[in-house]
Amino acid sequence: MIDLDATIVAALKADATLVAALGGQRFYNIKAPNAGEFPRLSFFCLANSIGLGADNVEFLADISYQFDIWSLTSWEVTIAQRVEAVLSSLGFVRDNLVRVYEDDTGIYHAVLTATALKKAI
């Protein structure tokens, strides 16, 4: 099993356009410490399975991540584009992008999922 959380955070931090669009390094694994901070990005590993293996040895890991973009003003297209660019540089391919408006909270919420096959050994 491969854990890419630290690699993803480092790549997000290195993208100056993304950091500026978020108003700082507002990307968090799983949960933001301040739920009132907008816009922000949260992410987590959605799936991490054996992509290719034999004789009890994993050769490729099939890894999917979900990224949630939270905003009070709009669906943050620039943020979504930058996240996708960062993920692409790490070998990920976007699976899906869904945008919703949450009437009960007044929050614009975009959900981006991406998958990569990574060499395990």
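Hi everyone, let's start with charge. The chain carries 9 positive and 14 negative side chains, and the centres of those two sets sit 7 Å apart. Please keep in mind that what we are looking at is a predicted model.

So how confident is the predictor? The average pLDDT over the chain is 93, and 99% of the residues score at least 70. Confidence is highest in helix 1, residues 5-14, with a mean of 97. The lowest value belongs to strand 2, residues 40-54, where the mean is 91.

Now for the layout. You can find three helices and five strands here. If you walk along from the N terminus, the order is α-α-β-β-β-α-β-β.

On to the overall dimensions. The C-alpha trace spans about 50 × 30 × 25 Å along its principal axes. A compact globule of 121 residues would have a radius of gyration near 14 Å, and the chain, at 15 Å, agrees with that.

What about inside and outside? Of the 121 residues, 42% count as buried. The chain exposes about 6,600 Å², and carbon and sulfur atoms supply 53% of that area. As for contacts, take the pairs of residues at least 6 apart in sequence: 57% of those contacts join residues at least 24 apart.

Let me show you two residues, beginning with R26. Where does R26 sit? Look in the loop between helix 2, residues 16-22, and strand 1, residues 27-29. Setting aside residues up to four places away in sequence, R26 touches E37, F38, P39, R40 and L41. If you would like a distance to try on the screen, take R26 and T105: they are 79 residues apart in sequence, and their C-alpha atoms are 20 Å apart in space.

The second residue is I50, which lies in strand 2. Remember that strand 2 is the element where confidence is lowest, still at a mean of 91. Is I50 buried or exposed? I50 has a relative accessible area of 57%, so it counts as exposed, since the cut-off for that is over 50%. I50 does have partners further along the chain: beyond its neighbours within four places in sequence, it is in contact with E58, L60 and D62. And here is one more pair to find: I50 and L117 are 67 residues apart in sequence, with 9.3 Å between their C-alpha atoms.

That's my tour. Thanks for listening, and do rotate the model yourselves!

Technical notes:
Residues are numbered from 1 along each chain as its sequence is written. This is a predicted model: local features need pLDDT of at least 70, side-chain atom pairs count only at pLDDT 80 or more; totals for chains, interfaces and linings use all residues. Side-chain values use heavy atoms; hydrogens and water are left out. Helices (H or I, at least four residues) and strands (E, at least two) are DSSP runs, numbered from the N terminus. The radius of gyration is taken over C-alpha atoms; the globule rule is 2.2 Å times the number of residues to the power 0.38. Buried means under 20% relative accessible area, exposed over 50%, partly exposed in between (1.4 Å probe, protein chains only). Contact means heavy atoms within 4.5 Å. Accessible areas come from the Shrake-Rupley method with a 1.4 Å probe; for residues, only the protein chains shown count as cover. Lys and Arg count as positive and Asp and Glu as negative; His and the chain ends are not counted. The place of a charge is taken as NZ of Lys, CZ of Arg, CG of Asp or CD of Glu. pLDDT is the predictor's confidence in each residue, from 0 to 100.
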